Amino acid sequence: MRLRGRKGIRESLEEQTDLVILDPRSLKGRWSELFGNDHPIHVEFGMGKGQFISQMSFKYPGINFIGVDMYDELVRRAAEKARNVWEPAGEETPPNLKVALANIDYAEEVFAPGELERIYLNFSDPWPKSKHARRRLTHPRFLDKYRGLLSPLGEIHLKTDSRSLFEFSLNAFADYGLQMKNISLDLHEGGVINEEHVMTEYETKFYGRGVNIQRCEAIVGEEALKQYQASRLDKYRL
C-alpha cells in the first residue's frame, strides 16, 4: 500500500504532541499516566483515516482510545479527523484519544501485558492468498499478542466486508479456544444502518454499495468470560 502524503507531513506530526504519538514504545505500561486517569483503554489496530476511533472517543468519553497505524499520512488524516469531530464540543484536542504511528507486528513493544481492555480490527487487509495467511490480523500469531496485551475484561471486536477473512477469523478464534458472541453475517441487514455501531470510512462506502458487513466479538479475558457465561442464557428465558 502506497500513500502519497502532503509535503512536510512528518514535521506536521511532530508539532502535534498533544494528539500524535510518534514514539509509542516509550509509553509502554504508561498509557493511563499519559491520559491522566485509569479509564479502560480501547485500541484500533489499523485505524485508516480515523473516522471510527474519532467518533468512538466522542461517543464514549469515559473510555480512553488509541488509534494505531503504520503510515504517516494516515496518522495525519486521523489527527485531522479527530480534531474535526471534537471541534463542535469546543475541544481543540480530544481529551480521551491519541493516534500513534506503529507497526502492529510490534504491538507488545508498545503496550504492556494487560494494559488494554478492547482491540478493534476494522476492515483489515484480508490477505486472500493462503501463503499470506500469517499476515492476517486474526492469525493465531497475532492472537498470541492480543491475549498478552488484554486485561481480564479483554475482548476483540472484528468487522470486515471479506467473507473469506471472516470465516478464517471465526475458525481461528474457535481453534484458539475463544468464546464468540454477537456474530452477524449482515450487520446492516435489509439496508438499514445499525445505529448501535459507529461506522468506518470503508463501512460507509461498502454500505452504500449494498455490500454485506460481517462482525463478531471474541472474548479473551477470564473475567469477561465469567460475566458472559453468567448472563448468556438470559435472552433465551421467557
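In this predicted model, arginine 136 sits over the face of phenylalanine 168, 4.6 Å from the ring centre. A second arrangement of this kind involves arginine 135, which lies over the face of tryptophan 127 at 4.7 Å from the ring centre.

Rings also meet rings. Searching the whole structure turns up nine aromatic pairs. One of them joins phenylalanine 45 and phenylalanine 111, with 6.3 Å from centre to centre and 55° between the planes, which makes the pair tilted. Because phenylalanine 45 belongs to strand E2 while phenylalanine 111 sits in the loop between strand E4 (97-101) and E5, this contact ties together parts of the chain that are 66 residues apart in sequence. Phenylalanine 45 and phenylalanine 111 are both buried. For phenylalanine 52 and tyrosine 120 the ring centres are 5.0 Å apart and the planes stand at 70°, so that pair counts as edge-to-face. It, too, links distant parts of the chain, with phenylalanine 52 in helix H3 and tyrosine 120 in strand E5, 68 residues apart. Again, both partners, phenylalanine 52 and tyrosine 120, are buried. Beyond single pairs, there is a cluster: Trp31, Phe45, Phe111, Phe142 and Tyr146 are linked by ring pairs.

Next comes the sheet that carries several of these residues. It is an open sheet of eight strands with mixed pairing, and the strand order reads E1-E4-E3-E2-E5-E6-E8-E7. At the edges are strand E1 (20-21) and strand E7 (179-184), each of which pairs on one side only. Strand E7 runs antiparallel to strand E8 (residues 214-219), and four bridges join the two. Within that pairing, glutamine 179 has isoleucine 219 of E8 as its bridge partner.

Strand E2 (residues 41-45) is another matter: five of its five residues are buried, so the strand is largely enclosed by the rest of the structure. In a regular strand, side chains alternate between the two faces of the sheet. In E2 both faces are covered, since Ile41, Val43 and Phe45 on one side and His42 and Glu44 on the other are all buried. On one flank, E2 pairs in the parallel sense with strand E3 (residues 64-69) over five bridges, and histidine 42 has phenylalanine 65 as its bridge partner in E3. Between these two strands the chain passes through helix H3 (residues 51-59), giving a β-α-β crossover that is right-handed. E2 also runs parallel to strand E5 (residues 116-122), with three bridges between them. Here histidine 42 stands opposite arginine 118 of E5, so to speak with a partner in each neighbouring strand.

Helix H3 and strand E5 turn up once more at the second largest pocket, which holds about 200 Å³ of space. Its lining is made up of 15 residues, and those closest to the pocket centre are Met56, Tyr120, His157, His197 and Arg215. The elements that each contribute two or more residues to this lining are H3, E5 and strand E6 (150-160). Tyr120 thus appears twice in this account, once at the pocket and once as the ring that meets phenylalanine 52 edge-to-face.

Definitions and conventions
Residues numbered from 1 in each chain as written. Predicted model: local features only at pLDDT ≥ 70, side-chain atom pairs only at ≥ 80, totals over all residues. Heavy atoms only, no water. Buried < 20%, exposed > 50% of the residue type's maximum accessible area, 1.4 Å probe, protein only. Pairing = 2+ DSSP bridges. Right-handed = clockwise from strand over helix to strand, strands pointing away. Phe/Tyr/Trp six-rings, centres within 6.5 Å; stacked < 30°, edge-to-face > 60°. Lys NZ or Arg CZ within 6 Å of the ring centre and 35° of its normal. 1 Å grid on protein atoms, 1.4 Å probe; cavity = no way out; pocket = protein on both sides within 12 Å on 5 of 7 lines; lining within 4 Å. Points joined across faces, edges and corners; volume = space filled by probe spheres on them.
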